[in-house]
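Grab a pencil and open the viewer. Below are some exercises, each with a solution worked out step by step.

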Amino acid sequence: MPRILLVEDNELNRDMLSRRLERRGYQVSLAQDGRQAIHLGHSVQPDLILMDMSLPEIDGWEVTRCLKADEGTRTIPILALTAHALTGDREKAILAGCDDYDTKPVDFMRLLAKIETLLRTTAPGEASLSDQRVSHGGEEHAGS
Ligand code: MN
């Protein structure tokens, strides 16, 4: 089953959401702040990151930009969770590099549908990225 990195500073939300995801068969890794999220994004290589955007110190926006700027983590889909559905927040999340967006309080079934869609649509991403690298090398060889 896919592994989800859940980034959430609120302990109650973290426990509730991780339990519900595990009940659905997902493997769940937990981060409670931005620093941990960046570290675990690299070491765990999750299939998807569920990112609370309001985190102390390094917030979810900055963590997302950081992970998406890094070659080792940029293909991991990030689903942003924000507490308020301000107009423009979705655009802001996409601009920061998030692949999708949902609002809190979480509607679990709706969130689950978004998770499943993201996992389906981004699963071949890694393969195609390494294909690009291979074909890049090939072109260089052909040129020289
Ligand atoms: Mn929070």
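**Warm-up: one residue at the start**

P2 counts as partly exposed, because its relative accessibility is 22%. The cut-off that matters here is that buried means under 20%. P2 sits in the segment before β1. Keep in mind throughout that this is a predicted model.

**Exercise 1. Find what P2 comes up against: how far apart are the C-alpha atoms of P2 and P46?**

Step 1. Start with the sequence: P2 and P46 are 44 residues apart along the chain.

Step 2. Now go to the 3D view, where their C-alpha atoms are separated by 7.6 Å.

**Exercise 2. Sketch the overall layout: how many helices and strands does the chain have?**

Step 1. Count the elements: there are six helices and five strands.

Step 2. Put them in sequence order, and you get β-α-β-α-β-α-β-α-β-α-α.

Step 3. Add the burial figure: 39% of the chain's 144 residues count as buried.

**Exercise 3. Work out the metal site: which residues coordinate the manganese ion?**

Step 1. List the donors: D9 and D52 each use OD, while S54 uses O, at 2.1 to 2.2 Å.

Step 2. Write their spacing in sequence as D-x42-D-x1-S.

Step 3. Place the two aspartates. D9 is in the loop between β1 (3-7) and α1, and D52 is in strand β3 (residues 48-52), so this pair links distant parts of the chain, 43 residues apart.

Step 4. Check how covered each one is. D9 counts as partly exposed because its relative accessibility is 33%. D52 has a relative accessible area of 3%, so D52 is buried.

**Exercise 4. Track down a salt bridge: what does the side chain of K104 meet?**

Step 1. Begin with the full search, which finds seven salt bridges in the whole structure.

Step 2. Pick out K104: its side chain meets that of E8 in a salt bridge, at 2.9 Å from N to O.

Step 3. Locate both ends. K104 is in the loop between β5 (100-103) and α5 (108-122), and E8 is in the loop between β1 and α1, so the salt bridge ties together parts 96 residues apart in sequence.

Step 4. Look at burial: K104 and E8 are both buried.

Step 5. Stay at K104 for its backbone. A cis peptide bond joins K104 to P105, with omega about 0°. P105 also lies in the loop between β5 and α5.

**Exercise 5. Take a second salt bridge, between D100 and R90: where in the chain are its two ends?**

Step 1. Note the distance: the closest N and O atoms of D100 and R90 are 3.5 Å apart.

Step 2. Place the residues. D100 is in strand β5 and R90 in helix α4 (residues 89-96), a pair 10 residues apart that links distant parts of the chain.

Step 3. Decide on exposure. D100 is buried, because its relative accessible area is 13%. R90 comes out as partly exposed because its value is 39%.

Step 4. Then turn to a network: salt bridges with shared partners join E8, D52 and K104.

**Exercise 6. Now try R35 and E57: are these two buried or exposed?**

Step 1. Identify the contact: R35 forms a salt bridge with E57, with 3.7 Å between the closest N and O atoms.

Step 2. Find the two ends. R35 belongs to helix α2 (residues 34-44) and E57 to the loop between β3 and α3 (60-69), 22 residues apart.

Step 3. Read off the accessibility. R35 is exposed, because its relative accessible area is 54%. E57 is exposed too, because its relative accessible area is 73%.

Step 4. Check the backbone of E57: phi is near 60°, a positive value in a residue other than glycine.

**Exercise 7. Examine Q45: what is its phi?**

Step 1. Q45 has a positive phi of about 50°, although it is not a glycine.

Step 2. Q45 lies in the loop between α2 and β3.

Step 3. Q45 is partly exposed, because its relative accessible area is 39%.

**Exercise 8. Finish on the surface: which residues gather in a patch of positive charge?**

Step 1. The patch brings together R19, R20, R23 and R24.

Step 2. Zoom in on R20, which lies in helix α1 (residues 11-23).

Step 3. R20 counts as partly exposed because its relative accessibility is 34%.

How values were computed: Residues are numbered from 1 along each chain as its sequence is written. This is a predicted model: local features need pLDDT of at least 70, side-chain atom pairs count only at pLDDT 80 or more; totals for chains, interfaces and linings use all residues. Side-chain values use heavy atoms; hydrogens and water are left out. Patches are made of residues with over 30% relative accessible area and no salt bridge: like charges are joined within 9 Å, nonpolar side chains (Val, Leu, Ile, Met, Phe, Trp, Tyr) within 5 Å. Accessible areas come from the Shrake-Rupley method with a 1.4 Å probe; for residues, only the protein chains shown count as cover. A salt bridge is a side-chain nitrogen of Lys or Arg within 4 Å of a carboxyl oxygen of Asp or Glu. Lys and Arg count as positive and Asp and Glu as negative; His and the chain ends are not counted. The place of a charge is taken as NZ of Lys, CZ of Arg, CG of Asp or CD of Glu. Helices (H or I, at least four residues) and strands (E, at least two) are DSSP runs, numbered from the N terminus. Buried means under 20% relative accessible area, exposed over 50%, partly exposed in between (1.4 Å probe, protein chains only). Donors are N, O and S atoms within 2.8 Å of the metal (3.2 Å for Na, K and Ca); water is not among the atoms, so sites may look incomplete.
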